[in-house]
Amino acid sequence: MTNFNLVKKLICFILFISASSQLLASACQEDVVSIQGDFGAVDFNVEIAITSIQRTQGLMGQKELDTQSGMLFLYEKPHKVYFWMKNTIIPLDIIFLSMSGEISHIEHNAQPFSMKRISGRSDTIAVLEINGQSANREGIKTGDLVRHPFFLPFDVKWSCKIKD
């Protein structure tokens, strides 16, 4: 093999790796949560709530939420988390997520201003809030898989590292 052919193959390999990494990066972004189920896959653009102040505020006071948008609440360790709709103006679907990246519980269409305590299981590591009725409209259900960079350190069933 001549040096020229070797250089050509090396350049092709580098271009392939570069294109592959860009595809993987675009498939998993900090501000996007992807959900996969029997219906196929759907993406939600999200704001991240990681501090206790951000998680406490959540979507309270927000008058509307764009379609295919939401808020992703992230926690340091799995535990049972509680939500309520006090001062929340819009109905929400509250989706509880386990460390495996699976949906463990969905509170469908939680009603505005309700003081009812809403909780998932004790293995909740993250919670996704989306517009009320969105889960039913999209076909999202318990057991569906979620993909987001937050789940990279965990043993998940649908990872950002795996090419679709």
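The structure, a predicted model, holds 7 salt bridges. The exercises start from these pairs and then move to the fold.

**Exercise 1. Find which side chain pairs with arginine 55 in a salt bridge, and place both residues in the fold.**

Solution.
- Step 1. Look for the partner. The side chains of arginine 55 and glutamate 76 meet, with N to O at 3.7 Å. The cut-off is 4 Å, so the pair qualifies.
- Step 2. Place the ends. Arginine 55 sits in helix α2, residues 52-57, and glutamate 76 in strand β3, residues 69-79. The two are 21 residues apart, and the pair links distant parts of the chain.
- Step 3. Check exposure. Arginine 55 has 18% relative accessibility and counts as buried, because the limit for buried is under 20%. Glutamate 76 has a relative accessible area of 66% and is exposed.

**Exercise 2. Determine which parts of the chain the salt bridge between lysine 157 and glutamate 102 ties together.**

Solution.
- Step 1. Take the distance. The closest N and O atoms of lysine 157 and glutamate 102 are 2.9 Å apart.
- Step 2. Locate the residues. Lysine 157 lies in the segment after β9, and glutamate 102 in the loop between β5 and β6. The pair therefore ties together parts that are 55 residues apart in sequence.
- Step 3. Check exposure. Lysine 157 is exposed, at 56% relative accessible area.

**Exercise 3. Identify the salt-bridge network that includes lysine 141.**

Solution.
- Step 1. Start with one pair. Lysine 141 forms a salt bridge with aspartate 144, with the closest N and O atoms 3.5 Å apart.
- Step 2. Extend the pair. Asp38 joins Lys141 and Asp144 in a network of salt bridges.
- Step 3. Compare burial. Aspartate 144 is buried, at 4% relative accessibility. Lysine 141 is partly exposed, at 36%.
- Step 4. Recall the principle. Side chains of opposite charge can pair when their charged atoms come close.

**Exercise 4. Work out the strand order of the open sheet and name its edges.**

Solution.
- Step 1. Count elements. The protein chain has 3 helices and 9 strands. From the N terminus they run α-β-β-α-β-β-β-β-β-β-α-β.
- Step 2. Order the sheet. Its 7 strands are arranged β6-β5-β8-β3-β2-β1-β9, with mixed pairing.
- Step 3. Read off the edges. β6 (103-110) and β9 (145-147) each have a single partner strand, so one side of each is left without a neighbour in the sheet. The twist averages 30° from one strand to the next.
- Step 4. Inspect one pairing. β5 (residues 92-98) and β8 (residues 124-131) are antiparallel over 7 bridges. Here aspartate 93 stands opposite isoleucine 130 in β8.

**Exercise 5. Describe the largest nonpolar core and say which strand gives it the largest share.**

Solution.
- Step 1. Size it. The largest nonpolar core has 21 residues, and Ile35 and Ile140 have the most contacts inside it.
- Step 2. Trace the sources. β1 (32-37), β2 (40-49), β3, β5, β6 and β8 each supply at least two residues of this core. The largest share, 4 residues, comes from β8.
- Step 3. Probe one centre. Isoleucine 140 touches residues including Ile35, Phe39, Val42, Phe44 and Ile95.
- Step 4. Look beyond. Another core, of 16 residues, lies apart; among them are Val81, Met85, Ile90 and Phe96.
- Step 5. Put burial in context. Buried residues make up 40% of the 164 residues in the protein chain. In soluble globular proteins, nonpolar side chains tend to be buried together.

Methods. Residues numbered from 1 in each chain as written. Predicted model: local features only at pLDDT ≥ 70, side-chain atom pairs only at ≥ 80, totals over all residues. Heavy atoms only, no water. Pairing = 2+ DSSP bridges. Axes fitted to C-alpha atoms, helices over the stretch in contact; angles between N-to-C directions. Buried < 20%, exposed > 50% of the residue type's maximum accessible area, 1.4 Å probe, protein only. Core = buried A, V, L, I, M, F, W, Y, C linked by side-chain atoms within 4.5 Å. Contact = heavy atoms within 4.5 Å. Lists of a residue's contacts leave out its neighbours within four places in sequence.
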